[in-house]
Each structure stands twice: as structure tokens, then as C-alpha cells.
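Please read the report below alongside the sequence and the model.

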Amino acid sequence: VTDPQPSSEAAPLIDKVILADYNLAEAPGHVVKGEFIIENTSDQEIKNIDVLCEFFDGADKYLDREQWLLSGSVPAGKTVRHASVARRFVHTGSQGMKCRIVDFEVAQPSFFALHRVEGGHAAAASEGHAAAGRAHH
């Protein structure tokens, strides 16, 4: 079983996004309720957090793994509780588990920030055209 790797946008921030606490509880009908406390100590808002949980028996032998996708976002510098209810099989012989964040997306900046960036590119492009025009004369 290979370990999931964080995406290129998540990799630089992965150490700053902390799974502060978690709890999984099985309900009848193979429904698992997961509660995850995500602490974002980075300076960027993140969203769509992938949490991988691995299950172990009493002798700490690996049994199974499940991945949860937590939709919603965690603002920069904030801690947020995400609850997830999913219908899935979790190995009933498991005595322990370890969960960790394996990936997430960086939330897009506001429209205003995108507009400023586009303005910067347009200005640079028009300067490039002007320089090219001067070169022809």
C-alpha cells in the first residue's frame, strides 16, 4: 500500500495544517461519524482536506485504511471542527487508529486579488508589445 503524497500546492503548507484532534464512531448500518479538528497555522485559507485514517489490531498490526474528504474551508490562522457522516465499512477488529492530513487545496484568493494580478500581467504584456514595436523601428 503506497502512502498518498500531498499535491504540489499543499506540500509547502502541509506542516502548518494540523489535525489537532479526531474521533470516529461507528453507528448501526455501517455508518461512521467522523469528527476532525483542523488547525490551520499557515497564512493561506485551505479547503477540501483529505484525511487518511489507518486501523490497527490489538498488536498494532495494520488492518485497513479509509480516506475522508472534508469539504468546506479553514481560514488562515483558524481552527475549525469538521463533522463527516459516511456509509462505509470500517474493520470491526480494529483496536486503534491513526489519522493524518494527506492533502488539501489552497482556497483561491478573492476576486479583487485576482483582478490585481490580471492587471499586472496586462501591464507587463503591453510593455512587452511596446518594446517589440521599438525594436522594429
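The report covers the fold, the disulfide and the nonpolar core.

This is a predicted model, in which local features need pLDDT of at least 70, side-chain atom pairs count only at pLDDT 80 or more, and totals for chains, interfaces and linings use all residues. Residues are numbered from 1 along each chain as its sequence is written, and side-chain values use heavy atoms, with hydrogens and water left out.

The chain has 6 strands and 1 helix, in the order β-β-β-β-β-β-α from the N terminus. Helices (H or I, at least four residues) and strands (E, at least two) are DSSP runs, numbered from the N terminus. Of the 137 residues, 28% count as buried, that is, under 20% relative accessible area with a 1.4 Å probe, protein chains only.

The whole structure holds 1 disulfide, a disulfide being a pair of cysteine sulfur atoms within 2.5 Å. C53 and C99 form this bond, with an S to S distance of 2.0 Å. The two cysteines lie 46 residues apart and link distant parts of the chain.

| Cysteine | Strand | Strand residues |
|---|---|---|
| C53 | β3 | 46–56 |
| C99 | β6 | 96–106 |

Both C53 and C99 are buried. The torsion about their S-S bond is about 110°, so the disulfide is right-handed.

The largest nonpolar core (buried Ala, Val, Leu, Ile, Met, Phe, Trp, Tyr and Cys residues joined through side-chain atoms within 4.5 Å) has 21 residues; F36, I38, I49, V51 and W68 have the most contacts inside it. Strand β3 gives the most to this core, with 5 residues. Beyond its neighbours within four places in sequence, I49 is in contact (heavy atoms within 4.5 Å) with residues including I38, W68, H82 and F104.

Conventions: Buried < 20%, exposed > 50% of the residue type's maximum accessible area, 1.4 Å probe, protein only.
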